[in-house]
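Work through the exercises below with the model open. Try each task before reading its solution.

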Amino acid sequence: MSRAQRLLDLIQVLRQHRRAVAGAVLAEELGVSLRTIYRDIETLKAQRAHIEGEAGLGYVLRPGFMLPPLMFSEEEIEALVLGSRWVSERADGLLGKAARNVLAKIGAVLPDDLKAGIEASGLLIGPGEPIAARDGELAAIRQAIRSEHKIEVAYEDERGNATNRTIWPIALAFYDRVRVLVAWCELRAGYRHFRIDRIASLECHAERYPGRRAKLLKEWHAVQGVPEQ
């Protein structure tokens, strides 16, 4: 393995750990000596990688360090193409446009041999059944999720019962035919799931909901028994 590739792999491993990880763990994952890890950490710091920690305590990579896209492997490019094509076909219009823009931006800075992998990828998204619509609400919901604001929805359940709910949106799940909003419901005092196509109307509040979304999402994963992605 070249030194450049080893440094890139070290960055990728650090990104996979949300908390400080011991140098010995990094050495084992990368198959190198602990001394090499310490030397590579210092090299990355000199290149302005925001790595905090020290020997004996562990290391954590803070957000903001960018890898040059020309270092993508062929498999990573295929993953980007496949994921972007799925989003452009199966998500709402704004996300689809964003996915196509991502591919265009990456392709603009890749060397010619790797750029060809985007333009001639053999990984395609097959046609699927029509998705229950209401794309117009998705952009507002995503903004409420990002800003951690409450929303009020007029909702109709599977039996046709209509209710008004004030909810704390924390995640959107995209299935083959439906989209589902994960939220804390003030009316039910618990986590509930709302099909987007059953939302008759929604209003975003200026009020933020209490707590942080990341903590609520972690709690939802635990309550539902759903593995974190």
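**Exercise 1.** Does Glu148 count as buried, partly exposed or exposed, and at what relative accessibility?

*Solution.* Glu148 counts as buried, at 6% relative accessibility. The classes are: buried under 20% relative accessible area, exposed over 50%, partly exposed in between, with a 1.4 Å probe and protein chains only.

A note on the source: this is a predicted model, so local features need pLDDT of at least 70, side-chain atom pairs count only at pLDDT 80 or more, and totals for chains, interfaces and linings use all residues. Residues are numbered from 1 along each chain as its sequence is written, and side-chain values use heavy atoms, without hydrogens and water.

**Exercise 2.** Locate Glu148 and find its salt-bridge partner.

*Solution.*
- Step 1. Glu148 lies in the loop between helix H7 (135-147) and strand E3 (149-156). Helices (H or I, at least four residues) and strands (E, at least two) are DSSP runs, numbered from the N terminus.
- Step 2. Check the backbone. Phi of Glu148 is near 60°, a positive value in a residue other than glycine. Most residues other than glycine have a negative phi.
- Step 3. Glu148 forms a salt bridge with Arg208, with the closest N and O atoms 2.5 Å apart. A salt bridge is a side-chain nitrogen of Lys or Arg within 4 Å of a carboxyl oxygen of Asp or Glu.
- Step 4. The pair links distant parts of the chain: Arg208 is in strand E7 (residues 199-208), 60 residues apart from Glu148. Arg208 counts as partly exposed, at 44% relative accessibility.

**Exercise 3.** Which strands does the salt bridge of Lys150 and Glu207 tie together?

*Solution.*
- Step 1. The side chains meet at 3.3 Å, N to O.
- Step 2. Lys150 lies in strand E3 and Glu207 in strand E7, so the pair ties together parts 57 residues apart in sequence.
- Step 3. Compare the cover. Lys150 counts as buried at 10% relative accessibility, whereas Glu207 counts as partly exposed at 44%.

**Exercise 4.** Describe the aromatic pair of Trp184 and Tyr191.

*Solution.*
- Step 1. A search of the whole structure finds five aromatic pairs. Rings of Phe, Tyr and Trp (its six-membered ring) pair if their centres lie within 6.5 Å; planes under 30 degrees apart count as stacked, over 60 as edge-to-face and the rest as tilted.
- Step 2. Trp184 and Tyr191 are edge-to-face: 5.1 Å centre to centre, 85° between the planes.
- Step 3. Tyr191 is buried, with a relative accessible area of 9%.
- Step 4. Ring pairs link Trp168, Trp184, Tyr191 and Tyr209 into a cluster.
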